[in-house]
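Trainee: Could we go through this structure together, one question at a time?

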Amino acid sequence: MTWLILGSVAMGLALGHWLFPQQLVQYLDTVTTTALYLMLFGIGIDLGRQKEVWLKLWQMGWKVLWIPFLIATGSLAGAALAGLFLGLPFNESTAIGAGFGWYSLSGVLIAEMYNVETGALAFITNVTRELLTFLVVPLVARYIGRFSAVAPGGATAMDTTLPVITKAAGNDMAVVAFISGSVLTTLVPILVPFFINLKC
């Protein structure tokens, strides 16, 4: 799926540079906004259908929420430090970090609400987070701990990186990873607009 996404972006770049008619550019914003609303609608339906997972969340109690809370805190703190090192404003770096690996939504949100350049940076940063997750999760599970293996995937722990987490950390970690990914997925459309609109 990642290669399909990267291929789509590469194809869009090529079309935009050589073939896309200038008179159609004015409609791109409408298309992007409509696609965003449809994607949020689909995610809402998907989360609403996971009744078994929400039941297990209730049975495990509120302490299970410490995992996504700590992942979110670490991601935002790391993004803020990286932004400080790279010279990015605090609102931009934390908004990018608040994507938690959900590159499609965070990139579009920031591009719509702030500017295209920062949206593109958010897209690339969160795509990179997902790609690195596939590489580091087995090492994290082996040398640091099974619960720690949930962290690199961020929001993607509920879908694309769930198989590699389950394989590296064990089948019993699937529900924990799914719950953590679901909570972080729910936070992305809340935290990204919050941080990008901060006045520094």
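Here is a short conversation about confidence, helix packing and the core.

Trainee: Which element of the chain has the highest mean pLDDT?

Mentor: Good place to start, as this is a predicted model. The chain averages a pLDDT of 85, and 90% of the residues score at least 70. Among the elements, helix α3 (residues 51–60) has the lowest mean, 70, while the highest, 96, belongs to α5.

Trainee: How are α5 and α9 oriented, roughly parallel or roughly antiparallel?

Mentor: Look at residues 90–97 for α5 and 173–196 for α9: their axes come within 8 Å and cross at roughly 170°. Angles over 145 degrees count as roughly antiparallel. Therefore α5 is, relative to α9, roughly antiparallel.

Trainee: How many residues of the contact of α5 with α9 are nonpolar?

Mentor: On the α5 side you'll find Asn 91, Glu 92, Thr 94 and Ala 95, and α9 brings Val 192, Phe 195 and Ile 196. One residue of this contact is charged and 2 are polar, and the nonpolar ones number 4.

Trainee: Which helix gives the most residues to the largest nonpolar core?

Mentor: That core has 35 residues, and Phe 100, Ile 110, Val 150 and Ile 165 touch the most other members. Helices α4, α5, α6, α7, α8 and α9 each supply at least two residues. The top contribution, 10 residues, comes from α9.

Trainee: Which leucines does Phe 100 touch, leaving out residues up to four places away in sequence?

Mentor: With those sequence neighbours left out, the contacts of Phe 100 include Ala 72, Ser 75, Asn 126 and Arg 129. Val 188 is another of them, and the leucines are Leu 184, Leu 187 and Leu 191.

Notes:
Residues are numbered from 1 along each chain as its sequence is written. This is a predicted model: local features need pLDDT of at least 70, side-chain atom pairs count only at pLDDT 80 or more; totals for chains, interfaces and linings use all residues. Side-chain values use heavy atoms; hydrogens and water are left out. Axes are lines fitted to C-alpha atoms, for helices over the stretch in contact, and angles run from 0 to 180 degrees between N-to-C directions. Helices (H or I, at least four residues) and strands (E, at least two) are DSSP runs, numbered from the N terminus. Angles under 35 degrees count as roughly parallel, over 145 as roughly antiparallel, 65 to 115 as roughly perpendicular and the rest as oblique. Contact means heavy atoms within 4.5 Å. Ala, Val, Leu, Ile, Met, Phe, Trp, Tyr, Cys and Pro count as nonpolar, Asp, Glu, Lys and Arg as charged, and the others, Gly among them, as polar. pLDDT is the predictor's confidence in each residue, from 0 to 100. A nonpolar core is a set of buried Ala, Val, Leu, Ile, Met, Phe, Trp, Tyr and Cys residues joined through side-chain atoms within 4.5 Å. Buried means under 20% relative accessible area, exposed over 50%, partly exposed in between (1.4 Å probe, protein chains only).
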